[in-house]
Amino acid sequence: MARKQTMLAALALSLIAPAAQAFRAENGLEVTALPEPATFEVIQSRGAGPTQIWCAAADYARAELSGGASDRLVITAPRGPAETDAQRDATRFRLMSREARPETTARGFAIVREAGETYSVSTADAFCAVDQPGRGDTWDP
């Protein structure tokens with residue numbers, strides 16, 4: 001009887017595990033897809049700040065959602081308990097077309113404290129260069 005229960009538990013976990021697989025952004029942060037289309041959350045870790053979170057969001061949008069440079073990343077829920085792991089904090093995003101969300105946040109710094117904050121994928125991607133000097137450099141003397 002115990003063996004049958006163990007096998008059933010293992011089967012149940014194997015069915016759940018694929019849905020919880022995380023994308024690892026180029027800066028090492030985890031990004032997890034959410035059930036609603038084009039929505040995901042960036043899991044905070046290692047003291048990551050706003051620029052690292054926006055960078056990870058841009059990386060995920062490009063790599064997993066085929067987001068274009070002018071598409072918009074919109075915070076749908078500011079930094080708080082993760083939907084996919086209540087033990088961790090995350091910021092939730094939605095990728096939208098430029099036509100659906102034409103305006104972007106007009107500031108020279110990144111924040112993740114307010115729903116509705118918006119950057120284009122290319123602007124969010126530029127935050128990656130702040131934390132990774134030399135990223136994207138192709139000149140080699």
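**Exercise 1.** Find the residue whose side chain is joined to that of serine 120 by a polar contact of 2.9 Å.

*Solution.* Start at the side chain of serine 120 and look for its polar partner: threonine 123, whose side chain is 2.9 Å away in this polar contact. Keep in mind as you work that this is a predicted model.

**Exercise 2.** Decide whether serine 120 is buried or exposed, and name the strand in which serine 120 lies.

*Solution.* First, take the relative accessibility of serine 120, which is 7%. Next, recall that buried means under 20%. Serine 120 therefore counts as buried. Finally, place the residue: serine 120 belongs to strand β6, which covers residues 118-120.

**Exercise 3.** Work out which strands stand at the edges of the sheet.

*Solution.* Begin with the strand order of this open, six-stranded sheet, β1-β2-β3-β5-β4-β6, where the pairing is antiparallel. Then look at the two ends: β1 (23-24) and β6 each have a single partner strand, so one side of each has no neighbour in the sheet.

**Exercise 4.** Describe how β4 and β5 are joined, and find the residue of β5 opposite arginine 72.

*Solution.* Locate β4 at residues 72-81 and β5 at residues 89-96; the two run antiparallel and are joined by seven bridges. Now go to arginine 72: across from it in β5 stands methionine 96.

**Exercise 5.** Place helix α2 relative to the strands.

*Solution.* Read the pattern along the sequence first: α-β-β-β-α-β-β-β-α. Then find α2 at residues 50-65; this helix lies across β1, β2, β3, β4, β5 and β6, and runs at about 125° to β4.

Definitions and conventions. Residues are numbered from 1 along each chain as its sequence is written. This is a predicted model: local features need pLDDT of at least 70, side-chain atom pairs count only at pLDDT 80 or more; totals for chains, interfaces and linings use all residues. Side-chain values use heavy atoms; hydrogens and water are left out. Helices (H or I, at least four residues) and strands (E, at least two) are DSSP runs, numbered from the N terminus. Buried means under 20% relative accessible area, exposed over 50%, partly exposed in between (1.4 Å probe, protein chains only). A polar contact is a pair of N or O atoms within 3.5 Å; within protein, one must be able to donate a hydrogen and the other to accept it, and residues adjacent in sequence count only if both atoms are side-chain atoms. Two strands pair if DSSP finds at least two bridges between them. Contact means heavy atoms within 4.5 Å. Axes are lines fitted to C-alpha atoms, for helices over the stretch in contact, and angles run from 0 to 180 degrees between N-to-C directions.
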